[in-house]
Amino acid sequence: MAKDTETALDAQPGGDSPLEIREDEHGTRRAFLKLAGAAAAATAAVAATGCGSTAPTTEEFLRQHYKKLSAEEKQRIFARIEEETKARTGVTTHISDPPPLDGVEYAYALNLSVCNGSRRCVEACARENNLPDDPEIRYIRVFEMEAGSLEFEEATPYYAHENLPAKDKYYMPVQCHQCDNPPCVKACPVQATWKEPDGIVVVDYSWCIGCRFCVVACPYFARRFNWVQPDIPPDRINPNQGYLSNRPRFKGVVEKCTFCLHRTRKGRLPACLEACPTGARKFGNLNDPNSEIRKIIETKRVFVLKEDLATLPRFYYFFA
Amino acid sequence: MIASLYRFGIDAVRSVTRGSRAYFLWLAFLVGWIALGVVAYVHQLHVGLAATNMLDQIPWGAYIANFTYLVGMAAAAVMLVIPAYIYDDHELHEVVVLGELLAVAVLTMCLMFVMVDIGRPDRFWHLIPVLGRFNWPISMLSWDVIVLNGYLVLNAYITGYLIFTKYRGQRPDRKKYVPFVFLAIVWAISIHTVTAFLYSGMGARPHWNAAILAPRFLASAFAAGPSLMIIALSIIRDKMGYPVKDKALNRLRQIVAVTMLINLFFFFSEIFTELYSFKHHAASMRYLLFGLDGHYKLVPYIWSAIALDAFSALVFITPRLYKNWNVLRVACGAAVVGVWVEKGMGLVIPGFVPSPLGEVIDYTPSFTEFCVSAAVWAAGALIYTLLLKAAVPIELGKVRLPGAPALSPEDYHQGHGRDEHADVGHSPAPEAAE
Amino acid sequence: MLTRKLLRVGLLMALTLFGCSPGEEPQRLHTDHPPPVPSGSVAVMARIPLLPTYPCSRCHEDRTPDPRERQLTEFHTQKILHHGVLGGWCYRCHTKDNIDRLHLQDGTLVTFDQAYELCGSCHGDKLRDWKAGMHGLTTGYWLGDRQRRSCPFCHDPHNPHFPAMQSEREPSLPRTVSTTEARAPHEESNGEGH
């Protein structure tokens, strides 16, 4: 698809929902926060000597958990992040926070018969979600599998070919399966990651302490840690950002695929799906009995990875 | 009370700041390592955890491996407490405080290892219940935070109470500490069980996802911990003149003999179950023992660990060998190092190899990780040294509140009321030794 | 005395350890409540505007149909038929007396925009999947309007095998791994295409 079409789709009026700020349970810890403010400023100053420009500001240090933020606080935080991005890169971004849609549960299905391992999804995902190239972070990992085998130990993600698909191979892209029973959410000691009502497992990048227990717990190798401060060239920044998805991240926190929630919660299909040259990727609302995804799950022999772990993925594979 | 607490502090500082040349050289050595570690840690803060050799495929490395091992060490202090309080073993009674002080130092190291491992140490307050958003009781890590800090507080209270009453020349009130001692016994087992559950609860990691893990953790901890205690107590006896009886050390040796054999047996059972059925889940075990796909990095480590464990077990059960103090000490060292390798490199790392999606990637700590880890160990040794330096003179009755009666360790703990200094004779000149 | 104390402590610990509920049995995805709105409508993308030589009648009006199988030398030289064991050459699908239309087995004429009906006359299972949105590329909005590509967008009807593609750059190796080390074990699986 040409770049122009992408932006045209972005500009479509139906694309932006009017209410983008979610209001959840409201904390009453302002008193403590005020008290702690002075101490925090000192801590931040100390940390600054060690961390250089990436040290947290006092506001960041004290920022509450996503679910405790009021609509006004969110508005202020989003504006500040947009300002910071502008100052750092010169790019005007827009941060939104689309809420989960009522009666919607997402599911994804991938047709392994047609996937040719071209990795177009990987790169489209990287551009959409502002993933850095060096050191590289990629949410999707495509494995070149031996025909007739589901054994990952015999597969490799490091293949390179002129003519795909290679003989006697098939290709298995793996990304976050947005499990209905997510082991990563169980693992997190500070509730920095949770499952949203529409099934998407999100991370509050401003709350994660970087213990990586979720990375250890994930059976699908779907979580990525920022080992350094991620850096994206200004011309590569996607200005359409979601607070819980592709907004700027920082070193020391975990991130992951969010089914492009800044797109999908506004009705759009995920970036990886639109980039797929073979149409192997299918996405939709599981609760709509007439949706394409429901038809696939009902009529095709779908399977999930590592079913024995009872993670109940929302990411199905099928051969058709 | 407040005044005597104040004097207690002053006297502790005085004990700590006075000592022989060797004492200050030792402190300087430790502080040197700590300084190096601080530089390395600042570098790590600056660069990010990329300064380590951890990866998305190997999300935990040397820090958490050390942490896991040290939790066991802290739990092992209970191996002094159980015989002393439950079976009223008088010999061990006298050294219980030293063991619990070790637990305090080791727990501090555990917390330090966690702090250096997390990507955002500035957000540690998210872990504090009420202030933060604690994922309790679902996350095993939140349990670990509770049990470790609880155990630290318990041990700090028990030792603090015993030493302070001793300082005031009073007999400790059993009601004020014995219940906590029993709580600490259960708690000690729980800290290592919870830490084992961190691992064995991971369905994603077949190498850890086994019921044997928690028992194996406890067995190895109860082998390595008392071994370290034997070494520490014999040094304390030689250098500080604390009256540690051979009988006490021998009791510890008996404990280690049993636990080390159990540890080896558990390990063997695990190896057998994994390898005989040759399931795919055994890939990690094969990687550990024999190498996988041309990756052999852990093979020398694990076989030396098994050799060290087996050697120490042999010494612990052979009278001709263990009756020689030097051989016993070497065997204890072997047990400490053997379990360290077996639980660090041998248990934490192979859990990540192969990765959940089959990638085989080797891991060795980076220079930064080495420096920071060494510094945390040095900090632990420093804390234990200082705690001992402050506590031992009080325990010996040399330092006490002006006007308080002096009690020897024996009468103090058992309340036998024998004449003071009656039994301290066999130790070399206490303070002068430094 | 001692046993009672031990019991009490043990009970306390047991309560602490097992006070948490063991958790509910993981539930299968529940799909019983209705969606807010139907998941939108699908438009099949028009094919005709993309055909460079359409309408075909512009040239073919003056030409006599030649149903023989042969090497085309003047026009459509790149169009070599690699499509199963079809007999009948061009007029198996194109229509002799209405060259701007395709025809199905039973003679029904369809436009090039409806070429999928023709494909489906042999590949019925694929047509069924495609109509249900299970096969083929659809872009746009899952909740709203989306565009579906018909068969010829991906499969050249004269040579329908999906074209081979070059892979995008491979994932970079972990920073602690040297190139030689990582490649060695997977060498054999990398043979193709190098």
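# Reading a predicted three-chain model

Modeller: Let us start with a pair of strands in this predicted model: strand E2 (residues 106-111) of chain A and E10(A) run antiparallel and are joined by five bridges.

Colleague: What holds strands of a sheet together, in general?

Modeller: Strands of a sheet pair through backbone hydrogen bonds, and the pairing is either parallel or antiparallel. In the case of E2(A) and E10(A), you can find one point of the pairing at A:Tyr108, which stands opposite A:Phe283 in E10(A).

Colleague: In what order do the strands of this open sheet in chain A lie?

Modeller: The order is E10-E2-E11, three strands with mixed pairing. Strand E10 (281-285) and strand E11 (315-318) of chain A are the edge strands, each of them pairing on one side only. Direction ignored, neighbouring strands of this sheet are turned by 20° against each other on average.

Colleague: Which helix lies across E2, E10 and E11 of chain A?

Modeller: That is helix H10 (residues 292-299) of chain A, which runs at about 110° to E10(A).

Colleague: And chain C, how many helices and strands are there?

Modeller: Chain C has five helices and five strands, and along its sequence they follow the pattern α-β-α-β-β-α-α-β-β-α. Three of the strands form an open sheet in the order E1-E5-E4, again with mixed pairing; its edges are strand E1 (42-44) and strand E4 (138-140) of chain C, each pairing on one side only. From one strand to the next, the twist averages 30°.

Colleague: In which sense do E1(C) and strand E5 of chain C pair?

Modeller: E1(C) and strand E5 (residues 146-148) of chain C pair in the parallel sense over three bridges, and within this pair C:Ala43 stands opposite C:Gln147.

Colleague: I would like to understand burial next. Why does B:Ala77 count as buried?

Modeller: The idea is to count neighbours: a residue is called buried if 20 or more other C-beta atoms lie within 10 Å of its own. B:Ala77 has 28 other C-beta atoms within 10 Å, and therefore B:Ala77 is buried. Its place is in the loop between helix H3 (62-76) and helix H4 (78-86) of chain B.

Colleague: Which residues is B:Ala77 in contact with, leaving aside its neighbours within four places in sequence?

Modeller: They are B:Gly99, B:Glu100, B:Leu102, B:Ala103, B:Ala188 and B:Gly225. Take B:Leu102 as an example of how sequence and space are read side by side: B:Ala77 and B:Leu102 are 25 residues apart in sequence, and their C-alpha atoms are 7.2 Å apart in space.

Colleague: How many residues are in the largest nonpolar core?

Modeller: This core has 237 residues, and those with the most contacts inside it are B:Ala74 and B:Cys110. Helix H6 (residues 96-117) of chain B gives the most to it, with 16 residues, while domain 1 (30-92) and domain 2 (101-318) of chain A each supply at least three. If residues up to four places away in sequence are not counted, B:Cys110 touches B:Phe67, B:Leu70, B:Val71, B:Ala74 and B:Leu148. There is also a second, separate core of eight residues, which includes C:Phe112, C:Tyr116, C:Trp130 and C:Cys151.

Colleague: How do the two domains of chain A meet, and how many residues does the contact take from each?

Modeller: The domain assignment gives domain 1 (30-92) and domain 2 (101-318) of chain A, and 29 Å separate their centres, taken over C-alpha atoms. The contact takes 12 residues from domain 1 and 13 residues from domain 2 of chain A. On the domain 1 side, the largest share, four residues, comes from helix H4 (residues 71-89) of chain A; by class, that side has four nonpolar, six polar and two charged residues.

Colleague: Finally, how many residues of chain A are in contact with chain B?

Modeller: 47 residues of chain A are in contact with 37 residues of chain B. H2(A) gives the most to the side of chain A that touches chain B, with five residues, and the residues of that side divide into 32 nonpolar, nine polar and six charged. Chain C meets chain A as well, with 40 residues of chain C in contact with 58 residues of chain A; the side of chain C that touches chain A divides into 18 nonpolar, 16 polar and six charged residues.

Terms used
Residues numbered from 1 in each chain as written. Chains lettered and ligands numbered in written order. Predicted model: local features only at pLDDT ≥ 70, side-chain atom pairs only at ≥ 80, totals over all residues. Contact = placed C-beta atoms within 7 Å. Helix = DSSP H or I, 4+ residues; strand = E, 2+ residues; numbered from the N terminus. Nonpolar A, V, L, I, M, F, W, Y, C, P; charged D, E, K, R; others polar. Pairing = 2+ DSSP bridges. Axes fitted to C-alpha atoms, helices over the stretch in contact; angles between N-to-C directions. Core = buried A, V, L, I, M, F, W, Y, C linked by C-beta atoms within 7 Å. Buried ≥ 20, exposed ≤ 12 C-beta atoms within 10 Å, placed from the backbone. Domains from an automatic or database assignment.
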